[in-house]
Amino acid sequence: MTAIHYIQNIPFFSIFLAMFGGIVTPLFGNGKTAQKVNLIIVTLIGILSAMLLAYLWQKQESFTFMMGHFPAPWGNELRAGPLEALMALSFCCVMALTLIGGGRFVQNDVLPEKQNLYFVMMYLLFGSMLALIYTNDIFTAYVFLEINTIASCAIIMAKGTGESIVATLHYLIICLLGSGLFLIGISLLYGITGHLLMENIQQAILELVQTGEYAFAFAVVIGMIIIGISIKSAVFPFHFMLVSAHPAATPASSGILSGLVLKSFILLNIKMFYCVFTIDLIRSLKITNVLFLFGLIGMVVGSVCALKERRIKHMLAYSSAAQIGYIYMGLGLGNHEGMVAACFHILAHAVTKAMLFICTGGLMEASQGKDSIHSLRGAGHRNLIAGIGFTIGGLSMIGIPLTAGFVSKLYFATATIYSPQKMVITLLTLAVSMILNAMYFIPSAIAIWSPVDKNANRPKPSKAMQGAIGVFVALNIVLGVYYDPIIDMIEMGIGLLG
């Protein structure tokens, strides 16, 4: 058996490991043990993902893997290329660092008897995200979309407060709307093409497009599928589910929800663009124009709403909505460069926003649990590492050079050269959004570094939190300085998708 056969098992084994962790976690006696095992499994999956990425980057290829070696329609397939492996590795890093940095908040916010269940949901959530990254079957994608939704709701309401339950119901209703549209769309698509595997559907669509059959039906189906996934990823105007979810959730849940969960849906949308419908068909139906419009509106509306907020978690929630708008603006440009910029921004935002939520938890902990920006005055002095992490994260969201956010915004601006009809409005909106970002992140940073009473209480931050924030800061700067290899991997991965 050659090496490639072993490598091809990594995507399935990664998903299996995550799901297996969810099965065995209830056997552990307490939440701390469950968290340690969770980190071990996530780290192992990260090592496997790094091996897969190194192999695919060296070979410059992608592959599909039939689970059980059963062909369609009985079998199921996974697909892996440089883009999928890079995203899987990045998700592992962010997941591990978020749980390390936010571990103490989980121990404090979640009842001891429910902490095991919390990590069961984390395993299911992580496994579902990996499945969405690797799947080559649209019905499997739907199944894991629903697993993702259930697990996300569970980690939002883990505190068990009235606020968290209301926020969970709000989040669930919006997600079910997206899931319903997606399910109806893939049902109609299966009725037209008779296939569920992405490559087989694409071949059937290309044949039918050439004959002119089902033209209107395809427009409806593609619209339902793309819009359904976009709703679940909190695109404008469905971003309000984040505003109730983030303040009600523990910081670790907020970091993973905003940093990873929403991005897994966007990655599925990208796979739909290239592996199912083809990017040419998406452009011809003007779907990219619709996503472009909603992305631009989301960038501005999210930033304006964040500017008005006086509670820091609400501010970060609206900031996430604006950043999702950036990604959909990049997708809406409809060119290769826009896709590359959008994929890089997925990584940049995942690293930055997860760090911001963990830092916010530390700053609130140093301010008697209060979350108004005014009450956080001087919190950076009381929790130095959280203050530094929040400041660097804010600079990245603004787009200051040497940070990850600057690189993604630079590539968004560069991508407009290849879509000249959208250049002016894109550059103007980028400029306005960056100014708005500065208008709410800079005052927040000034507040946390304001002079404080020397006799104020200074709770000692955990070493785990300090270490996680330190690594997050390093990753952000690495992405902002040594970004060329990452861009090359993304370009290659998108090229192999299409």
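**Salt bridges, a cavity and local backbone features**

In this predicted model, R104 and E365 are joined through their side chains by a salt bridge, with an N to O distance of 2.8 Å. R104 belongs to helix α5 (residues 103–109) and E365 to helix α16 (residues 336–365), so the salt bridge ties together parts of the chain that lie 261 residues apart in sequence. R104 is partly exposed, at a relative accessible area of 26%. E365 is likewise partly exposed, with a relative accessibility of 26%. Side chains of opposite charge can pair when their charged atoms come close.

The structure contains 4 salt bridges, and two others besides this pair are described here. One of them links D280 and R283, whose side chains meet at 2.9 Å, N to O. Both residues are in helix α13 (residues 279–284), where they stand 3 residues apart, or about one turn of the helix. An α-helix has 3.6 residues a turn, so residues three or four places apart point the same way. D280 is exposed, with a relative accessible area of 54%, while R283 is partly exposed at 33%.

The salt bridge between E84 and R79 has its closest N and O atoms 2.5 Å apart. E84 has a relative accessible area of 4% and is buried, because the cut-off for that class is under 20%. R79 is buried as well, with a relative accessibility of 5%.

E84 also appears in the lining of the largest cavity, together with L83, M87, I133, L267, I270, K271 and L497. Two elements, α4 (82–101) and α12 (251–277), each give two or more residues to this lining. By residue class, the lining comprises 6 nonpolar residues, no polar residues and 2 charged residues. A search of the whole structure found 1 cavity of 30 Å³ or more, and the space in the largest cavity amounts to about 60 Å³.

Helix α7 (residues 138–156) has 19 residues, and at 1.5 Å a residue it should span 27 Å; the C-alpha atoms at its ends are 27 Å apart, which agrees with that expectation. Most of α7 is covered, with 15 of its 19 residues buried. At the start of α7, the backbone nitrogen of F139 has a side-chain oxygen of D137 within 2.9 Å.

G302 is part of helix α14 (residues 287–308). This glycine is buried, having a relative accessible area of 1%. Although G302 and A322 are separated by 20 residues in sequence, their C-alpha atoms are 4.4 Å apart in space.

Several backbone features fall in loops. The peptide bond between F236 and P237 is cis, with omega at about 5°. P237 is located in the loop between α10 (215–232) and α11 (240–248). Q60 is not a glycine, yet its phi is positive, at about 55°. Q60 is placed in the loop between α3 (31–59) and β1 (63–67), and with a relative accessibility of 53% it counts as exposed. K286, also a residue other than glycine, has a positive phi near 65°. The position of K286 is in the loop between α13 and α14.

Methods
Residues are numbered from 1 along each chain as its sequence is written. This is a predicted model: local features need pLDDT of at least 70, side-chain atom pairs count only at pLDDT 80 or more; totals for chains, interfaces and linings use all residues. Side-chain values use heavy atoms; hydrogens and water are left out. On a 1 Å grid over the protein atoms alone, a cavity is a set of points where a 1.4 Å probe fits but cannot get out, and a pocket is an open set with protein on both sides within 12 Å along at least five of seven lines; lining residues have an atom within 4 Å of a point. Grid points are joined across faces, edges and corners, and a volume is the space filled by probe spheres set on the points. Helices (H or I, at least four residues) and strands (E, at least two) are DSSP runs, numbered from the N terminus. Ala, Val, Leu, Ile, Met, Phe, Trp, Tyr, Cys and Pro count as nonpolar, Asp, Glu, Lys and Arg as charged, and the others, Gly among them, as polar. The expected span of a helix is 1.5 Å times one less than its number of residues. Buried means under 20% relative accessible area, exposed over 50%, partly exposed in between (1.4 Å probe, protein chains only). A polar contact is a pair of N or O atoms within 3.5 Å; within protein, one must be able to donate a hydrogen and the other to accept it, and residues adjacent in sequence count only if both atoms are side-chain atoms.
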